[in-house]
Structure formats: structure tokens, C-alpha cells
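Hi everyone, thanks for coming. I have one structure to walk you through today, so please have the viewer open and follow along with me.

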Amino acid sequence: MIDSASLLAVLPELILTAGGLVLMLVAAFGGDNSARVINWLSVVTLAIAGISLSCSLAHGPDAFDGLMRADAFSVFAKALIYGAAAAAILLAPRFFSVGGKPRPEYAVLILFAAIGMGMMVSAGDLLTLYVGLEMNSLASYVLASFMRQDEKSSEAGLKYFVLGSLASGILLYGSALLYGFTGTTAFDGIAVAMGDGVSNGELFGMVFLLCGLAFKISAVPFHMWTPDVYEGAPTPVTAFFGSAPKVAAMALTVRVAIEALGPAGLDWQQIVIFVALASILFGAVAAIGQTSLKRLMAYSSINNVGFALIGLAAGTPAGVAGTMSYMAIYVLMTVGGFACILQLRDADGKPVDTIANLAGLSQSRKGLAAAFAIFMFSMAGIPPLFGFWAKFLVFDAAVAANLTALAAFGIAMSVIGAFYYLKIIKTMYFDEPVIAYEAKGGPVENIILTACAVVIVLGYLLNPVLDQASAAAAASLF
């Protein structure tokens, strides 16, 4: 039933839809010259949608007879998504201006992707889940191949489309099995049906559903698309893929596991533990031999997804809160890291993506090298930076849930993962310069990376706020 209360619950999505449609018309009539205006209007639209989250929360937990959720969990995830999407829009113009004009449809596609991601984190039904996921995916496929003249970008878009379609089919098949054996697509109804015991059919449906979601968060063994897409896609798009969709997919996975599959916790916990272990190990080891910064960030994202899943494996409110706090800190590190990568340009203004070419960066761009070092140290989990707190939260939740061996494995793998982060810092500060870098970077990129670096360094001052917000988000699922 559609009523005013339900419409109020999805007010952020309505704002993004109206803004996206209007800006698409502006782009059609204004052409490439309207790109700058559309970029800023898109950021304003995301900001307005973020402000409206308080209105959707005031409505109550359910909308459209349970199809959508308007709870603290969805508000927490959407705030991260909108912030990351806005950063991806602001980081793009300078990159796309090299060798051509900025294109206005980039920001519009991100707005439409944000609508899908909002539906994903608010889903209370398998139907809403699939519609939101596909809306995000369709925009993402286009974004991956956005630079049509670039062979790598076209290849990235094609790979993402083919493998993403396969994953969507797997997820849809799992949803069909769950519907067939439980008689409902609502998360609450599935949980009630599984409360009497998990049948073989429900178990198969759950496995297929989790496999499809594992692809979306790029967890092992469904990670194969990540390095190629991260490397081939335009760098601002890669920054977007590494932040907003990652939060949306992780939040969706958490909601499905806790709300829909809660009574089958012992069954899905084994799957999540295996995926977490495999992602941490593979992400740490495979990144060691990489020469491309973007491919290294891809394996780093796989590694970080494994750490975030440790909190979900605990299956407790503290574990879910730890996972969401981890994703908030991860978004800051990722956006800041890619803002640094976008600043890496040689004397001719061409982008630099090779780790070896970072040699001597600390001599020509001291501030940039310092910011990049902060993000790398934080991703490695070195205290007292904010990234250490993210890992501590999920490890603490795992130990409290009697998963001490899983936490110990994660701590041991953190040491291996630190190797390739420290290699970047060593190259910047101790190797002889290889190329000359441009004298200064773009002002917007400087502001974003400086803001992220300051939060990463002084993040412990925000702990009370972050802990309270993530705890409230987790409590709304239980």
C-alpha cells in the first residue's frame, strides 16, 4: 500500500530520482559545457538526500508493507554511500579534462547508482533487494566503460557486465529457491520459516544467495573481476567502486544474514568464516607482487572485505556494529587513497599508476607523500591511526563470540598485508626519483585528501560518535 508515511520513508530515493532525471535533461540539452554545473548540482542533490535521512528515520522501521526499511541501519549506510558518491563526483573533473572535455552524464550515473544502493541497504524483501542491486549494477557497468576510446576501460566494462550478470543470475536462483521452500520473499517471513529448522532446499537457496552477494562485495572466491575492473576503469570510477558500492553490498549482506537468515546462523556462519579467511589470505598474498597502484588497491579491498566479514561472522550486535564502523573508516581510507592517486601526475600532466614511479615523491610533493603514507599506515592497521581501531573492533567482537582462532588468523594476516603498504612508503621516501612530478595538484583533490587524512589521524576523537551510531544501526537489526 502506498501512503504518505511510506513515501516519507523513501524521501532520499525520491530526491535522488527527481534530481537525476532533471540533471539528465540538463545534460541532454546543455551538452558537455554543462558538466561543471551538473557535477556541483549532483553533489547538492546528494547533500539534500543525506539531510532528508532524518525524515525517513522519523517515519518508522517499515514502508510499503515491509518492502523497504527505514531504520538506523539503513540511515547509517546511506550516509556513507552519499558521502562517498559525492567525493567520487568531485574527484572526477580534473581527471576527465586530460585529453578531452568532462562529460556531464558521469555525475548523473552516480546519482542513479546511489538510488539503487539506497534500495539495497533498505531492502526488507528479496524483490526490493534484486531491483536495487540491478539498478546499481546497470549504472556501474556503464561507469566502468565510461572512457569508450580507452581499450582497458571498455574491457573492464565488458568483464564487469558478463561476470556481474552471472552473479545476478546466481543470486536470483537462490532467491527463487528460498521463495519456493519458504513460501515468501519477505525477510521476516523467511526468518519465521527457518525458525522450524533449515531444509535442504532452504540451505541451497541460502548458499546461492550468499554467493551472489559475495560477488558484489568482491570476496574470495568471487573476486575475479575486481583487479581487472579496478585497473581498467577510470580512476574516479575506481574510487567510487571501492567505496560506495562496497558499503551498500556489505550492508545488504549483513541485513540478509541477520534479518532473513538469522535462525540459520550456524549454517551461514561457516560460509562467512570461510569467505573471510580466504579473502584475508588471498588479498594479502596476491597484492605483494603488484606493480600497478590500482590493482594493489583492488587486492587491498578484497583483504579489507575479509576483515569486515569477521564482525559479521560473530553474528552479534557488537560484531555488526564493528563491521559497520569498519566500513565507515574504510571509506575514508579508500577515498583519501584514491585522491592521492589522482594527484600523481608527471610534469606533462599525465596520470601515474606505477608503484616504481613513486620513487622520490617525498622530495617533490612532501604533503602528498605524507598524506599517502598516512592512508597506507592506516590500511595496514598501524596504531594510533583510525585503521587500527577498525580492525580492533571486529577482532574484539570475534573473541567475544568465541571465534578466537579467526581473530588470531586475522591478526597474523595483518602482518603480511602490512608488507605491501610499507613497500609503497619505502618507495616514496627512500628510493631515488625516477620521474618529475607536477608542482601542485588540484584544489578539490587537496581538500578531500587533507580532510580524510586529518580524520584518520585524529579519528579517536570521533570514537564516541562512531561507536554510538554503529551500535544504534546494529541494534535496529536485532
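I'll go through some helix pairs, then two helices and their buried residues, and finally a few backbone details. One thing to say at the start is that this is a predicted model.

Let's begin with helix pairs. Two packed helices are described by the angle between their axes and the distance between the axes. Take H8 (126-144) and H9 (151-182). Their axes come within 9 Å and cross at roughly 170°. With a limit of over 145 for that label, H8 and H9 are therefore roughly antiparallel to each other. On the H8 side, the residues making the contact include Leu126, Leu129, Tyr130, Leu133 and Glu134. From H9, the partners include Tyr160, Phe161, Gly164, Ser165 and Ser168. Sorted by class, the contact of H8 with H9 has 12 nonpolar, seven polar and one charged residues.

Now please scroll along to H16, residues 293-314, and H17, residues 317-343. How do these two run relative to each other, parallel or antiparallel? The axes of H16 and H17 come within 8 Å and cross at roughly 170°, and H16 and H17 are therefore roughly antiparallel. If you'd like to select the contact, H16 brings residues including Leu293, Met297, Asn304, Phe307 and Leu312. H17 answers with residues including Val320, Tyr326, Met327, Tyr330 and Phe338. Here the class count for H16 with H17 is 12 nonpolar, five polar and one charged residues.

Next, which residues of H10 are buried? H10 covers residues 187-194, and its buried residues are Phe187, Ile190, Ala191 and Met194. These buried residues span an arc of only 100° around the axis, which puts them on the same side of H10. A general point helps here: an α-helix has 3.6 residues a turn, so residues three or four places apart point the same way. And what lies over the buried residues of H10? The cover includes strand S2 (68-69), along with H8, H9, H11 (200-216) and H14 (244-260). You'll recognise H8 and H9 from the pair we looked at a moment ago.

On to H19, residues 366-379. H19 has 14 residues and reaches 20 Å from its first C-alpha to its last, close to the 20 Å expected at 1.5 Å a residue. The buried residues of H19 are Leu368, Ala369, Ala371, Phe372, Ala373, Phe375, Met376, Ser378 and Met379. Covering them are elements including H16 and H17, the pair with axes within 8 Å. The cover of H19 also includes H18 (361-364), H20 (386-400), H21 (404-430) and H22 (443-458).

If you keep going along the backbone just after H19, Gly381 takes a positive phi of about 80°. Then there is a cis peptide bond joining Pro383 and Pro384, with omega about 5°. Pro384 sits in the loop between H19 and H20. Moving on to the loop between H20 and H21, you'll find Asn402 there. Asn402 is not a glycine, yet it has a positive phi of about 65°. At 71% relative accessibility, Asn402 counts as exposed.

Let's jump back to another loop, the one between H11 and H12 (226-232), where Pro221 lies. The peptide bond from Val220 to Pro221 is cis, with omega near 10°. Ser218 is found in that loop between H11 and H12 too, and its phi is near 55°, a positive value in a residue other than glycine. Is Ser218 buried or exposed? At 0% relative accessibility, Ser218 counts as buried.

That loop leads us to Ser279, which lies in H15, residues 265-286. Ser279 touches Ala219 and Val220, as well as Ile302, Asn303 and Gly306, leaving aside residues up to four places away in sequence. So Val220 takes part in the cis bond to Pro221 and also touches Ser279. Ser279 itself counts as buried, at 0% relative accessibility.

Last stop: Tyr173, in H9. At 46% relative accessibility, Tyr173 counts as partly exposed. Its C-alpha is separated by 9.3 Å from that of Gly212, and the two residues are 39 apart along the chain.

That's my tour, and I'm happy to take questions.

Technical notes. Residues numbered from 1 in each chain as written. Predicted model: local features only at pLDDT ≥ 70, side-chain atom pairs only at ≥ 80, totals over all residues. Heavy atoms only, no water. Axes fitted to C-alpha atoms, helices over the stretch in contact; angles between N-to-C directions. Helix = DSSP H or I, 4+ residues; strand = E, 2+ residues; numbered from the N terminus. Parallel < 35°, antiparallel > 145°, perpendicular 65-115°, else oblique. Contact = heavy atoms within 4.5 Å. Nonpolar A, V, L, I, M, F, W, Y, C, P; charged D, E, K, R; others polar. Buried < 20%, exposed > 50% of the residue type's maximum accessible area, 1.4 Å probe, protein only. Arc of directions from axis to C-beta. Expected span 1.5 Å × (residues − 1).
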